[in-house]
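I opened this notebook page to look up how one ligand is held and how one acidic side chain is placed. My entries follow the structure itself.

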Amino acid sequence: MTGPVLVPILGDQLSPALSSLADRRPDDTVVLMMEVAEETTYVRHHKAKIALILAAMRHFAEELRAAGWTVDYIRLDDPANTGSFGGEVARAVSRHNARGVQMTEPGEWRVRQAMEQWRATLPVRLRILPDTRFICALPDFFEWAAGRKELRMEWFYREMRRRTGLLMDGDKPVGGRWNFDAENRGGPEAGLQPPALPAFAPDAITAEVLEMVAARFDNHFGSLDHFRWPVTRADAETARDAFLKERLPLFGRYQDAMVAGEDFLFHAALSSALNIGLLDPLDLCRRAEAEWREGRAPIEAVEGFIRQIIGWREYIRGMYWLDMPGLAEANGLDATRPLPDFYWTGETPMRCLADCVRATRDNAYAHHIQRLMVLGNFALLAGIRPQDVADWYLAVYADAFEWVELPNVAGMVLHAEKGRLASKPYAASGAYINRMSNYCGQCRFDVKRKTGPDACPFNALYWHFLARNEARLARNPRLAQPYATWRRMSEDKRTEYLESAEAFLATLEPARAGWAR
Ligand code: FAD
Ligand code: DLZ
Ligand code: SF4
């Protein structure tokens, strides 16, 4: 074959600096972009997630064409579309008489496995290059992890600070501390008024995608009425600049707060733009650092934000590739309950959960503490099957790709890997949610009551969780105090907690089949 080199670019690889383009010349390359049924339905993604990715892909194709690249763009409704990456790459190789295929490694294990199979079937060589948009290359992460007994994020994060020089004074952290987390625990103070997110009116390309998604994916979860995500690099940069100016200064203080009806608070809402390649993580961190150096944002906000990106985001990605494929099957706490239906409908008298599901349905977004301490905490305490929970998170969030979703769900939230990512499960009773939110005042349950039909269900579920996992968790030093409290309770009190939790669990309706897959 004597034609050009084919460079397939996936829906979360929308960066002009992609490694697969770095050594290519436009006159000897065809870029292939593919809208394929398999990717739109391997879980039944939120409508807004599909719209985001397809609209961003179509805009990126235009961006590449304007820069001189030849782009072969396959649309979902093309009658010849085979519906899979593999089928479309094979068709394109033959259509262009391509002499080779060159790609940046994909973000998901599933796709990587499929690509390895293509090597046997494609008539030309397939070259797979590392994804250099991440700050820590995978071999470096594996080297960091090798031989360590405990793979704690905090140690990795310090390495990344040293390596990037972010918030460093020579070899010392600025302000004399690595971590300002203790200053980041502000609750929902009355009158908290976060600035609105910038709104991007759909242009003709986005409007066409929204119409197609509404018609074709009508039976998928979620609403398109509030579609707000940036789908071009220019809009993502506008969203970034608005965050740095208007919300970053208070990001740290209210990072863990939850306010009913305030869906974004002071969070960045930039994860989808980062994950699909419209923003560069290191560039974003350098801009955040500049806000602190120029006195426009306090250190606890900027350090907290940078930690999420060079710390958590990079660490989570490394852990995914380190622990796959076992991570997808992990169920260290033997949780077997099916996902309750209210995760899809939002129909539950528990105000906190109802508001988090409502926000998820409206925006394909919930902020971190809603995902971790409300939706995730409930799944942990109620013993929901990790694979059901992971499918739900993968389907419902605009920023969800398995490399970032799965370690957060299975590792952080469900303790399915028995503490590899978190030294203790993030289990909490209603008191935590009450402290960090204004949900409980609007709830039919009483957060102060411990048992009975009017008591906040999180309270009895918390003890039920600890009791049923005693053999697995009681030796964890970080749980010594709650287990000591449990053992000090009278037999009657313990029975009351367990019976109250059982009575509540018996009311949960399992999700109707077919929502996620
Ligand atoms: P901010 O709160 O403003 O944080 C800034 C950035 O830090 C985010 O944009 C994100 O890139 C990064 N970040 C923060 N926390 C994490 C984390 N734990 N892991 C990785 N990156 C992080 N994030 C995703 O991008 N995709 C997911 O599918 C996803 N699933 C999650 C599932 C669960 C159960 C939990 C607890 C967290 C999950 N997260 C996921 C992490 C986090 O909740 C989101 O990144 C964040 O809510 C995105 O909103 P934001 O941009 O406003 O983030
Ligand atoms: C999530 C998604 C969706 C919904 N649709 C497409 C698509 O049609 N074409 C495409 O290239 N990518 C899509 N994606 C993103 C892919 O699922 C993602 O690139 C892989 O999972 C690898 O991370
Ligand atoms: Fe949630 Fe319990 Fe508070 Fe109701 S009382 S909002 S269920 S934590």
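These entries take the ligand first and the acidic residue after it.

I note at the outset that this is a predicted model, in which local features need pLDDT of at least 70, side-chain atom pairs count only at pLDDT 80 or more, and totals for chains, interfaces and linings use all residues. Residues are numbered from 1 along each chain as its sequence is written, chains are lettered from A and ligands numbered from 1 in the order in which they are written, and side-chain values use heavy atoms, with hydrogens and water left out.

**Ligand 2.** I looked up its surroundings (a residue is near if one of its heavy atoms lies within 4 Å) and found 18 residues, of which Gly11, Asp12, Met34, Val36 and Glu39 come nearest. By class, I listed nine nonpolar, four polar and five charged residues in this shell, where Ala, Val, Leu, Ile, Met, Phe, Trp, Tyr, Cys and Pro count as nonpolar, Asp, Glu, Lys and Arg as charged, and the others, Gly among them, as polar.

I then checked for pairs of N or O atoms within 3.5 Å: an oxygen atom of ligand 2 lies 2.9 Å from a polar backbone atom of glycine 11, and an oxygen atom of ligand 2 lies 3.0 Å from one of valine 36.

**Aspartate 131.** I asked whether aspartate 131 is buried or exposed. Aspartate 131 is buried, because its relative accessible area is 8%, and buried means under 20% (1.4 Å probe, protein chains only). Its side chain makes a polar contact with the side chain of arginine 133, at 2.9 Å.

Methods:
A polar contact is a pair of N or O atoms within 3.5 Å; within protein, one must be able to donate a hydrogen and the other to accept it, and residues adjacent in sequence count only if both atoms are side-chain atoms. Buried means under 20% relative accessible area, exposed over 50%, partly exposed in between (1.4 Å probe, protein chains only).
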